[in-house]
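User: I'm new to reading protein models and would like to know how the labels are earned. Could you walk me through this one?

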Amino acid sequence: IFFRFPAPQHMAFAGRTVAVVNDLTMDEQLYLYESCRKLKHALRHGGDLSEFKIADEDVAVYMIFMEDSTRTKESFRNAAKFHSVKLNDFDCKQASFSKKESLTDTVKMLFGYSCKQTIFILRTKMEGVCRWLEAAIGEYAEKMDLPQASFLNAGDGRHEHPTQEFLDEFSFLEQLEWDRSSIHLALVGDLFHGRTAHSKVEGLKIYGKVKVDLIAPDEIGMPPGYVRLMHENGYEVTKYESIEKYLEQDQVAKIWYFTRLQLERMGDKIRQQEHQLRSAVTFQEKFMDRVPPNTKFYHPLPRHSQYPTIPNFLDNTPLNNWDKQAMNGYFTRITLLGMVSGKLGKDFKGTPRRSSVYEGPAGPLLTSQEFVEEVQLQENRSKKKEYKIGIKQIEAGIVIDHIGTGRSMGEIWDQIDKIHNIMRLYVVSSHGVYDSSSKGGTTTCKGIISIPGQETWARPDLKRLAAIAPGCTLNIVQDGAVHKKFKLHMPPRIYNFPDIHCRNSDCISHRESFENAIPEFYRLDGTTFICKYCSRQHRYQDIWVS
């Protein structure tokens with residue numbers, strides 16, 4: 001007889017997924033760091049480890065590393081061994097991936113092999129994998145009446161590396177003697193491809209005041225979206241094109257975080273500039289006397305054996321804190337496994353994550369705005385609604401007006417086509433693009449669709465129309481006059497459309513991943529949307545398939 005035991009409901013972290021840093025609230029991150037501090041002390045001084053150790057062979061940990069890794073993989077492997085759980089090191093090269101089996105199906109199969117909590121640790125080239133599996137396997141778990149699995153992101157493409165961020169912040173806190181009032185950090189190296197640098201955008205929020213110096217040539221500089229989020233988080237951000245330029249001023253940080261140049265992720269054009277790029281972000285002996293006292297260097301490792309940004313002559317100097325940082329990966333990952341298994345967390349008293357609201361890289365996204373607005377009509381109107389030349393006035397039906405107002409005629413025609421195709425308006429109708437500008441003003445065009453005989457639309461249809469053509473109005477006509485009018489605003493979320501996609505080819509929701517992850521976008525502000533999975537920002541018009 002096979003028994004499955006649900007995770008205790010009173011556990012704060014059991015069954016939780018950590019796909020991005022924000023999957024743990026600030027209070028939860030601080031709980032992780034404080035628990036890790038206690039664990040490290042107990043390990044170093046022979047203390048009682050029973051309060052930290054899962055010690056249950058029915059709890060399963062699966063390590064699925066689809067990209068090469070040494071420190072992350074080995075620290076997680078040793079962390080799992082510390083806990084005395086059922087450890088499975090999944091061999092991706094010998095798996096059914098060669099037979100074109102999807103990752104989703106593979107994980108679903110492995111999930112069924114444990115009778116208690118299941119934890120998956122994944123490193124992938126595809127971005128957003130843990131977020132998708134959280135939903136896909138979560139639905140499967142509910143259907144099968146099984147406890148929720150946890151998915152820990154051990155690095156996904158250029159996206160994020162949250163567990164590295166946790167060990168980095170723990171290491172910074174040790175250097176700062178647990179003073180969280182402020183931090184001044186220099187980020188050096190390939191900031192464009194470096195997911196450990198991207199994770200700093202959210203990880204540094206535990207400090208009261210944050211100053212970040214970005215040291216990289218433009219070709220490998222921090223992506224604008226992440227710089228923007230740093231500013232929105234209240235950070236003071238300054239850019240420098242090289243270490244040499246940085247050291248010409250006197251506000252030099254005492255915490256330096258280096259990353260290697262990820263040439264394997266760069267195009268041919270950038271690789272041709274390899275020498276100049278390396279020179280700009282590699283520390284040199286001539287810089288030694290320009291670094292403030294008590295400065296420490298960090299690096300997620302590995303360093304390039306031939307061209308390290310932190311050269312080997314620094315290994316035995318007081319600047320070396322990257323070795324201690326690497327050791328902290330063991331302690332932080334023991335703690336995180338203890339949390340998502342439910343072993344740790346009984347004493348957590350802070351603010352938990354709100355699972356009902358999607359948390360993006362900038363926190364809670366715009367989800368509450370009412371975007372289908374019914375417009376109050378004037379009373380005692382005797383004059384019938386007149387429409388522009390070319391659209392036949394109707395006695396009853398629906399008129400969609402102000403489609404794409406102010407855009408080019410080509411864009412408006414494209415939007416009219418989208419409305420017809422996505423809303424499946426395969427009915428008798430008329431439509432066109434017309435001049436809506438006032439006399440003597442600049443020419444402004446808009447689109448109109450007139451559908452006689454259509455009595456009304458349900459609210460879900462109005463929401464779909466708002467997603468396709470925000471800014472338009474929908475008029476319900478009866479007896480030749482407008483009976484009801486709705487103004488449709490830009491929606492907070494766009495999903496469940498066959499005509500949307502993420503333009504990031506490495507995203508798990510991209511159609512060429514063949515994982516059948518459903519594209520979903522959340523509005524940040526204005527016309528900027530963010531992919532639920534890979535956090536790539538898109539303009540509204542770019543999420544629609546041409």
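Analyst: Happy to! Let's begin with a term we will need: rings of Phe, Tyr and Trp form a pair if their centres lie within 6.5 Å. In this predicted model, such ring pairs link Tyr240, Tyr246, Trp256, Phe258, Phe283, Phe287 and Phe297 into a cluster. The structure holds 22 aromatic pairs.

User: Why is the pair of Phe170 and Trp178 called edge-to-face?

Analyst: Planes over 60 degrees apart count as edge-to-face. The planes of Phe170 and Trp178 stand at 75°, and their ring centres are 5.6 Å apart, so the pair earns that name.

User: What makes Phe170 buried or exposed? And what about Trp178?

Analyst: Buried means under 20% relative accessible area, and exposed means over 50%. Phe170 has 0%, so Phe170 is buried. Trp178 has 23%, which lies between the two cut-offs, so Trp178 is partly exposed.

User: How do you know which label fits the planes of Phe283 and Phe297?

Analyst: The same kind of check works here. Their planes are 70° apart, which is over 60, so this pair is edge-to-face. The distance from centre to centre is 5.1 Å. The pair links distant parts of the chain: Phe283 is in the loop between α10 (274–281) and β9 (296–298), while Phe297 is in strand β9, 14 residues apart.

User: How do you know whether Phe283 is buried or exposed, and Phe297 too?

Analyst: Phe283 has 1% relative accessibility, under the 20% cut-off, so Phe283 counts as buried. Phe297, with a relative accessible area of 0%, is buried as well.

User: What makes Arg493 count as sitting over the ring of Tyr495?

Analyst: For an Arg, CZ has to be within 6 Å of the ring centre and within 35 degrees of the ring normal. The charged end of Arg493 is 3.7 Å from the centre of the Tyr495 ring, and it sits over that ring. Lys53 lies over the face of Phe82, at 5.0 Å from the ring centre.

User: How do you know what span is expected for helix α12?

Analyst: The expected span is 1.5 Å times one less than the number of residues. Helix α12 (residues 409–422) has 14 residues and reaches 20 Å from its first C-alpha to its last, close to the 20 Å expected. Its buried residues include Ile412, Ile416 and Ile419. The buried residues of α12 pack against β13 (397–403), β14 (430–435), β15 (445–452) and α13 (459–468).

Definitions and conventions. Residues numbered from 1 in each chain as written. Predicted model: local features only at pLDDT ≥ 70, side-chain atom pairs only at ≥ 80, totals over all residues. Heavy atoms only, no water. Helix = DSSP H or I, 4+ residues; strand = E, 2+ residues; numbered from the N terminus. Buried < 20%, exposed > 50% of the residue type's maximum accessible area, 1.4 Å probe, protein only. Contact = heavy atoms within 4.5 Å. Phe/Tyr/Trp six-rings, centres within 6.5 Å; stacked < 30°, edge-to-face > 60°.
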